[in-house]
Amino acid sequence: MIKRIVVSALFLILIGYAVYSFADNGKDEANGPNEYDVSGDTSQEGTGMMPPNTPKGIQEGEQAPDFELETTDGETIRLSDLKGKKVFLNFWATWCPPCKEEMPEMQKFHEEFDEEVEIIAVNVTTTETSVDDVQKYLEEEGYTFQVPLDKRNQVSSEYQAITIPTTYFIGTDGTVQQPRQVGPMTYDFMVKMKDSLN
C-alpha cells in the first residue's frame with residue numbers, strides 16, 4: 001500500500017513538472033524571444049560572447065581607443081591612422097547569424113560610401129575555428145571592406161563587444177559620436193549614422 005502511494009506521488013510530481021515546463025516554454029515563445037540572443041538580454045539582437053552584466057564599453061563622447069591589427073590581406077591597420085575620416089568599427093565572426101545578415105548591407109554601403117566612411121570589420125578571431133575560415137568566407141561572399149583579425153581578443157575586450165555584431169560610430173575627431181549599435185545594421189541605418197557623424 002505504501003509503495004503504491006509513493007509511486008502515485010512520484011507520478012503526479014512528474015506530470016506536474018511536465019505541465020509546468022510546457023506552460024513556461026509557451027510563455028517564452030509568446031514573448032517573442034530574440035532568436036540570436038544568448039546573453040539573456042532580450043532587448044538586444046546579436047550573439048552573446050560574455051556575461052550580460054559586463055561593462056557597456058566605450059560610451060558616446062569618449063575617445064575611441066587606438067589599436068593596431070593585421071588584416072586578412074596581411075597589412076597593418078591602426079585606428080589612429082584613420083583620424084580625419086568617419087569610421088564604422090564593427091565586431092563580427094563567421095559563425096554568427098546576425099553578422100552574416102548585416103554583411104551584405106555593409107558591402108552595399110561600402111561600395112557607395114567608401115570615400116566618406118571607412119568600414120573596419122574586426123573579426124573576433126579567437127572564436128573562429130581558423131583564420132583560413134575567415135579568409136574563405138570573405139572571398140566566397142565578395143566582401144571588400146577592411147577586416148583586421150583580433151587574434152588575441154584584445155580589441156574586442158577593450159571595446160567590450162560582448163554581443164556580436166557590435167558597431168561603434170567614430171567621427172573625424174576620433175571620438176565615438178553615436179551610441180553603439182548592438183545587432184545587425186541595415187543599409188538605411190548606416191546611411192543615417194554616416195550623416196550624423198562630424
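Start the tour by selecting Cys96, which is buried, with a relative accessible area of 0%, and keep in mind throughout that this is a predicted model. Add Cys99 to the selection: this residue also counts as buried, at 1% relative accessibility. Draw both side chains as sticks and look between their sulfur atoms, where a disulfide joins Cys96 to Cys99 with an S to S distance of 2.4 Å. The link of Cys96 and Cys99 is right-handed, with 75° about the S-S bond, and the count for the model comes to one disulfide.

Next, select helix H3, residues 131–141, and colour its residues by burial. Val134, Tyr137 and Leu138 are the buried residues of H3. They cover an arc of only 95° around the axis, and therefore sit on the same side of the helix. Rotate the view to the face of H3 turned away from that buried side, and you will find the exposed residues Asp132, Glu139 and Glu140. To see what covers the buried residues of H3, bring up the elements that take part, which include strand E4 (86–92), helix H2 (97–113), strand E5 (117–123) and strand E6 (148–149). Before leaving the helix, step on to Gly142, just after H3, which takes a positive phi of about 75°.

From here, turn to the second largest pocket, which holds about 160 Å³ of space. Select Thr71, Thr72, Asp73, Glu75, Gln135, Leu138, Glu139, Tyr143, Thr144, Phe145, Gln146 and Val147 to display the lining of this pocket. Which element gives the most to that lining? Helix H3 does, with three residues. Two residues already visited on the helix reappear here, since Leu138, one of the buried residues of H3, and Glu139, one of the exposed residues on the opposite face, are both among those that line the pocket. If you colour the lining by class, four nonpolar, five polar and three charged residues appear.

For the last stop, select Gln181, which lies in strand E9 (residues 176–182). Is this residue buried or exposed? Gln181 is buried, with a relative accessible area of 19%, a value to be read against the cut-off for burial of under 20%. Show its surroundings next: leaving aside residues up to four places away in sequence, Gln181 touches Pro165, Thr166, Thr167, Phe169 and Phe189. Of these contacts, Phe169 can be checked with a distance label, as the C-alpha atoms of Gln181 and Phe169 are separated by 8.4 Å, although the two residues are twelve residues apart along the chain.

Conventions: Residues are numbered from 1 along each chain as its sequence is written. This is a predicted model: local features need pLDDT of at least 70, side-chain atom pairs count only at pLDDT 80 or more; totals for chains, interfaces and linings use all residues. Side-chain values use heavy atoms; hydrogens and water are left out. On a 1 Å grid over the protein atoms alone, a cavity is a set of points where a 1.4 Å probe fits but cannot get out, and a pocket is an open set with protein on both sides within 12 Å along at least five of seven lines; lining residues have an atom within 4 Å of a point. Grid points are joined across faces, edges and corners, and a volume is the space filled by probe spheres set on the points. Helices (H or I, at least four residues) and strands (E, at least two) are DSSP runs, numbered from the N terminus. Ala, Val, Leu, Ile, Met, Phe, Trp, Tyr, Cys and Pro count as nonpolar, Asp, Glu, Lys and Arg as charged, and the others, Gly among them, as polar. A disulfide is a pair of cysteine sulfur atoms within 2.5 Å. Buried means under 20% relative accessible area, exposed over 50%, partly exposed in between (1.4 Å probe, protein chains only). The arc is that of the directions from the helix axis to the C-beta atoms. Contact means heavy atoms within 4.5 Å.
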